[in-house]
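Biologist: Could you take me through the salt bridges in this model, one pair at a time? I'd like to know where the partners sit and how covered they are.

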Amino acid sequence: MPSLKSLRLRINSVKSTRKITEAMKLVAAAKLRRAQQQAEAARPYAERMARMLGALGAAVAGEPEAPKLLVGTGKSDIYLLVVVSAERGLCGPFNSNIGRFARNRVRELEAAGKTVKLMSVGRKAASYLKREFADRFVGEVSFANQKRVSFDDASSVAASITAQLEDGAFDVCELLYNRFVSVISQTPSAQQLIPAEVPEAAGESAQAQYDFEPSEEEILTKLLPRNLAIQVYRALLESGAGFYGSQMAAMDSATRNAGQMINKLTLNYNRTRQANITRELIEIISGAEAV
Amino acid sequence: MAGTFLLELVSPEKLLLSRQVEMVVIPAAEGELGVLPGHVPAIVSLRGGAVRVYEGGQVTESLFVPAGFAEVTPERVTVLADEASPLATLSRAKAEADLAAAEADYAAAATDTPEKREAAMDRLLSMRVKKELAEAA
């Protein structure tokens, strides 16, 4: 039976662990709220961008000289997978989910005879995937040393994707990230970036004939990189919000587990203490009887 | 006074403006474009300049945008700006620093691809306008 002292030490250490996890849960909850706000604030731009792109896409549809960003290279031999993960751990299955999702996607594509290149955004995706696919890495981005991602960060990621497209380094680009479904649920999902998925122009704008100034093509060549950046930005924000949600859930259950452990240990401690007292009493009484 | 239309000014990071206005002047790539209600549908790209919002015959709001796009329909104008800052908050020193940075970028891009050079040029021009606006403000 463990001594009283060692039990007391363990109870104290579990108690301080619980304090830490509880604090982390509260911090994650606060940051989650901010991340969600940021994600919501970015939504209007993305929506309007999609509407405009729909109108433009309809205007240039079927033209042979359409920009590469819109229609791709016409082949689908080389895939570039951009995997977005968190920078830090302690967030439950968040990072391993996206890592496993990416790994399955790589295997699936390679089984189909495609060449796969990988680019990671976030440290955790890099370390997860490098174990198996180190030779397929073409880029690595990390925002570990900043508090929140800004649109400029997303633009730089998008710019590096565009540069690789211009070099003919890949044909299809997919973005893999944890989509934020709710605070307690994030699903890994894939989104095709290039060729761009042009939203169907809906309702009023479908009928409207727009004037373009300058020409459709010129606007499109400026708009498409921007659209790419906004898609990346949205994925970063969703992944960021998902990270805090996941961390909050993980820390919540850690706090609960610590509580249970403390109860168990305290019970154990009290029993041991009682057993010691009883034993001492027996010793005294039997000693007295013997006299 | 004529009717109003909905003006929306959005940057990637937030929705900056969304309200009924009487007229707006936007710095389109091929010259300033004044939009009144019932304008012909158009999609224009923007160069650096000031978006001026008119209500009751007066400029009620003017913001500097470095680049972006605008979608015009008869009942709505949507400006997608890369960023937007009210003219009043522009600082002259900051604008001069930005201009210097843009000039340096342009010089560095001299040997780059034509597209990159053009992008740097656009940026340079937009920063020049920003400095002028900052000085005027």
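Modeller: Sure, and keep in mind that this is a predicted model. Let's begin in chain B, where B:Glu61 and B:Arg19 form a salt bridge whose closest N and O atoms are 2.7 Å apart. That pair links distant parts of the chain: B:Glu61 belongs to strand S7 (residues 58–65) and B:Arg19 to strand S2 (residues 14–21), 42 residues apart. How covered are these two? B:Glu61 has 25% relative accessibility, so it counts as partly exposed. B:Arg19 is partly exposed too, at 29%.

Salt bridges can also share partners: A:Lys25, A:Asp252 and A:Arg256 are joined that way into one network.

Over all chains, the structure holds 16 salt bridges. One of them brings together the side chains of B:Glu71 and A:Arg51, at 3.2 Å from N to O. Here B:Glu71 lies in strand S8 (residues 68–73) of chain B while A:Arg51 lies in helix H1 of chain A, so this pair joins two chains. The cover on the two partners goes like this: B:Glu71 is buried, because its relative accessible area is 1%, under the 20% cut-off. A:Arg51, with 25%, counts as partly exposed.

Next, stay in chain A for A:Arg107 and A:Glu132, a salt bridge with its closest N and O atoms 2.5 Å apart. A:Arg107 sits in helix H3 and A:Glu132 in helix H4, so the pair ties together parts that are 25 residues apart in sequence. Both partners have some cover: A:Arg107 is partly exposed at 41% relative accessibility, and A:Glu132 is partly exposed at 36%.

Now back to helix H1 of chain A, the home of A:Arg51. This helix runs over residues 4–60, which makes 57 residues. At 1.5 Å a residue it should span 84 Å, and its end C-alpha atoms are 79 Å apart, so the two values agree. The helix does bend, by about 30 degrees at A:Arg43, and a proline, A:Pro44, follows within four residues.

What about disulfides, another kind of link you may be wondering about? The count over all chains comes to zero. As for cysteines, A:Cys91 is buried at 2% relative accessible area, and A:Cys173 is buried at 0%.

Technical notes
Residues numbered from 1 in each chain as written. Chains lettered and ligands numbered in written order. Predicted model: local features only at pLDDT ≥ 70, side-chain atom pairs only at ≥ 80, totals over all residues. Heavy atoms only, no water. Disulfide = S-S within 2.5 Å. Buried < 20%, exposed > 50% of the residue type's maximum accessible area, 1.4 Å probe, protein only. Expected span 1.5 Å × (residues − 1). Bend = angle between axes of the 7 residues up to and from the residue. Salt bridge = Lys/Arg side-chain N within 4 Å of Asp/Glu carboxyl O.
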